[in-house]
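Here's a small set of exercises to work through with a viewer open. Try each task yourself before reading its solution.

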Amino acid sequence: MNQALPMAGANVQVNLVGMSKNDYRGLPSTLCQGCGHNSIANQIISAAYEMNLVPENVVKFSGIGCSSKSPTYFLNRSFGFNGLHGRMPSIATGALFGDITMKGIGVSGDGDSASIGMGQFKHMMRRNVNMVYIVENNGVYGLTKGQFSATAEVGLTLKKQGINQYMPIDICMEAIASNATFVARSFAGDPKQVKELLKAAMAHKGLALLDIISPCVTFNNQDNAYHSYTWGKDHEAPLHEISFIPARDEIIIPDEFEEGTVREVEMHDGSSIVLKKLEHDYDPTSRFQALHKLEEAQENNWLVTGLIYLDTKKPALNEKYHLVDTALNRLTEKELRPGPETIKQINDLMF
Amino acid sequence: MTQRIVNDFSIVVGTANGSGSQTSNATILRALFKMGIPVSGKNLFPSNIQGLPTWYIIRASKDGYTARRDEREIVVAMNPNSFEKDQASVTPGGAFYYDDSIKAPVTRTDIVVYPMPVKQIVRNDPDIPSNLRDMIANMVYVGILAQMIGIDMEKIDAALSFAFKGRRKAVDLNLNVAKSAAAWAKANLEKKDPYYIEPMNKTDGLIMTDGNTAAAIGSIYGGVQFVGWYPITPATSLAEELNEYLPKLRKTPEGKETYAVVQAEDELAAIGMCVGAGWSGLRAMTSTSGPGLSLMTEFVGLAYFAEIPLVIWDVTRIGPSTGLPTRTSQGDLNFAANMGHGDTDNIILLPGSVNECFEFGWRAFDIAERIQTPVIVLSDLDFGMNQWMSEPFKYPDVPMDRGKILWEEDIKKLTEPWGRYLDKDGDGIPYRTLPGNRLPGSSYFTRGTGHDPYARYSEEAGVWETNMARIKKKFTTALEYLPKPVIENVDGARKGIITFGSTITAVHEARALLETEQGIKTNLLRLRALPIATEAKEFIAQQDKVYIVEMNRDGQLYEEILIAMPELASKLVSVAYSDGMPPTAKRITKEIMAMENTHKFGKESK
């Protein structure tokens with residue numbers, strides 16, 4: 001087919017599952033030059049490579065919008081479903097029942113998730129579907145040429161649109177309020193943090209929400225706008241420096257972290273996230289602290305980034321069902337149609 | 001006294017919604033059924049939990065007719081708020097039973113009146129806990145009716161045993177009230193009306209059930225694996241029955257489940273989950289009604305275009321808008337057939353009995369997976385929520401058809417590159433792979449945007465047109481997989497009737513009335529699916545005139561047939577009406593006779 005397999009004999013670096021980085025790539029991007037979404041697609045490729053994901057074990061999802069185009073730019077060997085505007089959550093919820101060993105990676109935008117898809121977004125959080133849910137958040141509708149989205153800050157001025165009159169929606173706050181189990185925020189201009197958070201999200205069992213501020217270079221990149229590169233660089237307040245250590249590696253605190261300033265959070269599979277404390281003694285397992293931190297950031301005009309909230313104890317959606325070991329979509333008539341002897345019993349149950 | 005009228009009348013019980021009369025009404029219905037008398041039971045309930053008037057109509061018909069009638073030979077009035085209306089509704093010469101605590105005047109002199117000392121009879125039974133008194137009071141009319149018209153007390157026992165799942169204490173509590181009431185009636189009431197029940201043997205081997213239960217169980221035999229649903233009257237009980245019977249029928253010996261049911265946050269999510277599940281290879285279904293179906297439109301268009309199998313049960317209620325949520329209709333036919341913007345056609349199944357609700361329950365999945373498209377099954381409130389006699393459910397007589405699916409080994413055997421939307425077999429139906437297929441190169445990217453035979457994004461005009469033509473071809477292929485119309489030809493008949501769904505029950509009776517009262521013999525075609533079968537065209541061509549009888553305002557099936565075969569338009573006459581109530585044979589006969597007499601064709605303004 002159309003993906004590039006590593007060539008035999010070529011000196012290509014491969015990961016533990018024998019894949020080169022090329023095996024995680026997608027088609028060329030059709031988004032604007034410099035779009036934050038392209039940078040995120042690249043970090044998804046890197047994170048998947050470093051996490052040794054097998055592309056065939058991943059299903060990609062998206063809604064509609066610029067962000068939702070991006071699943072074609074990574075993991076070309078995976079199944080993908082580019083669905084309806086705001087309805088990625090329901091499609092993914094149903095699809096992932098087909099084979100619960102599959103991991104979902106979904107990419108949505110602020111229009112797709114916080115406006116038209118707000119209902120499905122919140123219900124997906126509370127169902128804890130086993131999926132990485134990335135919101136590429138730029139505060140603007142790109143594909144329809146620059147209207148305000150629900151995450152645009154009040155007072156933002158856009159060409160043709162005038163001044164935004166409405167208060168913005170904070171996606172991370174909405175996720176926490178809806179009982180999401182992994183909530184992180186990052187900035188497309190900080191690729192290292194994006195990648196480390198993506199890796200942690202991939203290791204999380206259940207729904208991992210990443211709200212990534214991803215400037216729109218065409219319609220919303222004025223220096224003073226919240227979703228711009230300049231503003232993001234100037235106002236980013238990381239909660240911690242972050243490093244993700246896969247389960248199979250011996251847990252050694254990375255060199256750049258000083259002993260005594262780190263906090264380690266263990267994931268389901270034994271891997272861990274190492275968080276270097278910065279100014280605050282921040283506990284990402286406390287909902288109270290998480291909401292407090294987001295509120296504080298809003299008041300102080302900070303772009304707070306990092307792992308904001310994590311709960312590794314709640315079961316993922318598929319774990320709440322007592323499903324057979326075989327993937328549901330591999331079951332045959334033998335398992336799916338009750339035997340002929342049962343029909344009499346059923347008729348006897350009627351009057 | 002006039003001549004006895006046996007096993008051929010309607011009993012209507014008027015109560016207040018939520019007063020616990022369901023058990024009593026079902027008991028009368030089931031007791032008659034167990035006595036071998038053809039019966040049907042219809043619950044006319046308000047959109048309300050407690051307080052508003054509700055009626056239960058039981059029709060006994062020695063001839064086996066199950067349609068609703070307007071005549072009410074026996075009326076039982078338990079609700080002061082509907083007392084006047086109930087009294088006025090009794091057929092002249094009929095019987096009127098009423099709770100004597102209702103302080104309202106009895107004004108009719110052309111009916112037989114039986115006051116019932118309900119409170120006194122219940123009070124005299126020391127075993128009844130005071131908190132159950134009001135509920136159990138409804139057993140008084142069961143006992144009095146049993147005595148006055150001749151229902152076997154042992155059949156009442158059997159009916160109660162079924163209702164209370166054999167819990168003897170509950171059965172006895174109810175049964176004793178019925179017996180005391182019967183004893184009171186024997187001692188105190190003199191039979192003056194002509195209506196009697198006598199045992200027959202016309203229900204031997206039959207079961208009694210409702211369409212939603214039948215659909216749920218049928219779906220389970222069809223191997224349903226995913227249910228995404230949202231509550232809406234009158235479809236709610238379909239999903240609830242799935243929850244009832246799936247654990248009974250579809251757990252492995254180890255107690256593991258081969259299915260998943262998710263109650264969604266709305267119909268958008270319910271259908272979205274089904275689209276996802278159907279895409280990943282699960283037999284997915286949802287149940288809904290008009291307002292929910294409206295919300296599902298965008299997803300149905302996506303599933304049509306991305307070629308994703310799934311099954312939607314629309315248990316139709318009357319609309320538009322919220323309409324009358326507890327009243328029936330066949331008003332969603334056109335909408336369902338074309339739902340989705342742009343060029344869409346959908347496969348519609350039209351069950352004509354609760355038994356077919358079972359059959360189409362499993363068959364719908366075979367068709368959806370074979371054609372790779374949504375299948376919408378149009379039941380309605382009358383089938384879905386009312387009680388019907390039925391042949392027992394019949395085990396599927398054909399193996400499951402999972403359609404064209406390629407797993408790892410299948411792909412390896414291919415000699416040419418596989419394309420998700422490639423028409424390899426010339427029948428319009430492509431091959432699909434499913435997420436979880438681990439063979440590199442088996443995956444594809446699904447989208448609602450334009451795509452070529454290899455599922456690649458394309459805005460090319462020719463690619464679009466070719467793809468849409470191929471999709472259309474699937475619907476010609478579909479004809480060989482869809483249930484054929486049921487045709488009944490009568491010697492010497494030159495006129496035909498076409499109908500579908502629950503309206504058939506009234507049409508059966510109307511045909512008899514047309515023949516016996518008007519001397520008009522009719523042939524019958526009951527349509528069971530859209531797109532319309534070629535047999536329908538042949539049928540119409542053979543008739544001088546064809547009446548298309550349906551339960552909606554505009555004659556929606558008439559319109560579908562007109563579009564499908566405009567050359568036969570001059571033979572078609574629309575007989576359509578809809579008021580929320582299941583149609584009656586008398587009304588249909590009247591409408592047809594009006595058309596016969598005017599000799600006009602097409603739609604008439606009424």
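**Exercise 1: a covered strand**

Over four bridges, E9(B) pairs with strand E17 (residues 387-390) of chain B in the antiparallel sense. Keep in mind that this is a predicted model.

Task: find the bridge partner of Thr209(B) in E17(B), then work out which residues of E9(B) are buried on each side.

Solution. Start with the pairing: Thr209(B) has Trp388(B) as its bridge partner in E17(B). Next, sort the residues by face. In a regular strand, side chains alternate between the two faces of the sheet. On one side of E9(B) you get Ile207(B) and Thr209(B), and on the other Met208(B) and Asp210(B). These are all buried, so both faces of E9(B) are covered.

**Exercise 2: checking a helix**

Task: test whether the span of helix H9 (residues 236-249) of chain B agrees with its number of residues, and say what its buried residues pack against.

Solution. Take the length first. H9(B) has 14 residues, and at 1.5 Å a residue they should span 20 Å. The C-alpha atoms at its ends are 20 Å apart, so the two agree. Now pick out the buried residues: Ser237(B), Leu238(B), Ala239(B), Glu241(B), Leu242(B) and Leu246(B). Finally, look at what surrounds them. The buried residues of H9(B) pack against several elements of chain B, including helix H8 (211-221), strand E13 (310-318) and helix H15 (381-385).

**Exercise 3: a sheet that uses both chains**

Task: give the strand order of the open sheet of nine strands, and say which strands stand at its edges.

Solution. Walk across the sheet: the order is E11(A)-E15(A)-E9(A)-E10(A)-E4(A)-E3(A)-E1(A)-E2(A)-E18(B), with mixed pairing. At the edges stand strand E11 (236-238) of chain A and E18 of chain B; each has a single partner strand, so one side of each is left without a neighbour in the sheet. On average, neighbouring strands here are turned by 20 degrees against each other, direction ignored.

Then zoom in on the cross-chain step. Strand E2 (residues 79-82) of chain A and E18(B) run parallel, joined by three bridges. Opposite Phe81(A) you'll find Thr446(B) in E18(B).

Elsewhere in the sheet, strand E4 (residues 131-137) and strand E10 (residues 207-213) of chain A also run parallel, with seven bridges between them. There, Tyr133(A) stands opposite Leu209(A). Helix H1 (residues 36-50) of chain A lies across strand E3 (103-109), E4 and E10 of chain A, at about 155 degrees to E4(A).

**Exercise 4: counting the interface**

Task: how many residues does each chain bring to the contact between chain A and chain B, and which element of chain B gives the most?

Solution. The tally is 59 residues from chain B and 47 residues from chain A. On the side of chain B that touches chain A, H10(B) gives the most, with nine residues. Split that side by residue class and you get 34 nonpolar, 16 polar and nine charged.

**Exercise 5: two domains of chain B**

Task: describe how domain 2 (209-390) and domain 3 (408-480) of chain B sit relative to each other.

Solution. Their centres, taken over C-alpha atoms, are separated by 26 Å. Each of the two supplies 13 residues to the contact. On the domain 2 side, H12(B) gives the most, with three residues. The residues of that side divide into six nonpolar, four polar and three charged.

Methods: Residues are numbered from 1 along each chain as its sequence is written. Chains are lettered from A and ligands numbered from 1 in the order in which they are written. This is a predicted model: local features need pLDDT of at least 70, side-chain atom pairs count only at pLDDT 80 or more; totals for chains, interfaces and linings use all residues. Helices (H or I, at least four residues) and strands (E, at least two) are DSSP runs, numbered from the N terminus. The expected span of a helix is 1.5 Å times one less than its number of residues. A residue is buried if 20 or more other C-beta atoms lie within 10 Å of its own, exposed if 12 or fewer, and partly exposed in between; C-beta atoms are placed from the backbone. Two residues are in contact if their C-beta atoms, placed from the backbone, lie within 7 Å. Ala, Val, Leu, Ile, Met, Phe, Trp, Tyr, Cys and Pro count as nonpolar, Asp, Glu, Lys and Arg as charged, and the others, Gly among them, as polar. Two strands pair if DSSP finds at least two bridges between them. Domain bounds come from an automatic or database domain assignment. Axes are lines fitted to C-alpha atoms, for helices over the stretch in contact, and angles run from 0 to 180 degrees between N-to-C directions.
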